[in-house]
Amino acid sequence: MSMDISRRKFLVGLTVTFASACALMLSAATPDAARRGFVVVTDFVPADGTTDVADALQKVIDTHPNRTLYFPDGTYLLSKPIATPAEPTLSVDLQLSNYAILKAAPGWTNDEAMVRLGGIHPANNIRTPGSNYSFTGGIIDGSGVAKGISIDSGRETKVRCVSIKDVLVGLHIKHGANGNSSDSDIADVNIVGNGATNSVGVFIESCDNTLSNMRIAGALVGVKLTGSGNLMQNLHPLYAYRPSLNAVYSNSVGFLDMGSNHYRCCYSDHFSTGFVLNGRSVLNSCIVWWYGKPEHGKGKRRTGIRCPRAFTSHVTDLTIGFKGTQALNTVLDVAQDGGKGFLRTPIIDEKLVNEPGKAYLKYLK
């Protein structure tokens, strides 16, 4: 039942690699940021946690095209979203010190994310210098009501080394600028949702994005995808016990995939369903796991993979760790026959599989 040694080494290697990259990227977070050519935003706005700086920050963004804006430690209170340009000649790069906090103000009612990357001056341009801007470092605090970061337009957008807390939706990658392709790169982003029954860690509507080394908790759905051609590697959605979520536990999903996407070493942890697969997705060395005392599963259903239609995905080396037999333990729940998907070399304790018929057996390869 335990993860094999080579897979553990791969996961550890990914974590170390990305952690080292973050340390290098954030090395500019020093008192001499201005001497490095950065625009230091506290020269224009206070970071006292009580002054609404949304309009002032937007003005800093609008009046400093093609500059890196550096946020020193402190709390920047936002009553409404701030937006960066997608147009390369107007774009800015946002870098936050480790304890720089963008916090949603009391009374936040805006449906857009707190930070909208490419939210103004939309563009589909990878040739002009300035297209590859990013949001790096710091903390997004949604105060229990706001959404965190969205990517609204542009190409090659990067979000790295960010901690997103207490949000309804952590990261939202909207429809891409290039025929729904966004080409975004997301790495080392940790998300904690607000525990609402409609909370989502990551929502991806576009195509061709790469997400790496993420931990997601406190959301009913860890990762939701309606786009295709996205790559997820070392993503770990973790179901978290909250009364609001426990009431609808049967609706909880680690990865809700309505497109066709790719997964490497992704880990659905204690959700009612690990993966919902609606298209032709490819999974390699992924994990679906349940923990806690066996009696905690009484009256529940725990499903590794659920397919709303036929099973058409290719799944290799999937580890499924059921806990006891109090729950109805289901490896594969398929709504329609006839799919040509397969399960190759799954790692399962068959004594704990108590679904009637064991439908997964006919898809073994």
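A lysine charge is taken to sit over an aromatic ring if its NZ is within 6 Å of the ring centre and within 35 degrees of the ring normal. In this predicted model, K224 meets that description, lying over the face of F203 at 5.0 Å from the ring centre. A further case is K365, which is placed over the face of F342, with 4.6 Å to the centre of the ring.

Contacts between aromatic rings were also examined. A pair of aromatic rings is described by the distance of the centres and the angle of the planes. Across the whole structure, the search returned 9 aromatic pairs. One of them, F255 with F275, is stacked, with 4.7 Å centre to centre and 5 degrees between the planes. F255 belongs to strand β19 (residues 253-257) and F275 to strand β22 (residues 273-277), so this pair ties together parts that are 20 residues apart in sequence. F255 has a relative accessible area of 0% and is buried; F275 is likewise buried, at 0%.

W290 and F322 form another stacked pair, for which the centres are 5.1 Å apart and the planes differ by 10 degrees. Here the partners come from loops: W290 from the one between β24 (287-289) and β25 (301-310), F322 from the one between β27 (319-321) and β28 (328-336). The pair therefore ties together parts that are 32 residues apart in sequence. Relative accessibility is 1% for W290, which counts as buried, and 6% for F322, also counted as buried.

Finally, Y239, Y249 and F271 are linked by ring pairs into a cluster.

Technical notes: Residues numbered from 1 in each chain as written. Predicted model: local features only at pLDDT ≥ 70, side-chain atom pairs only at ≥ 80, totals over all residues. Heavy atoms only, no water. Phe/Tyr/Trp six-rings, centres within 6.5 Å; stacked < 30°, edge-to-face > 60°. Helix = DSSP H or I, 4+ residues; strand = E, 2+ residues; numbered from the N terminus. Buried < 20%, exposed > 50% of the residue type's maximum accessible area, 1.4 Å probe, protein only.
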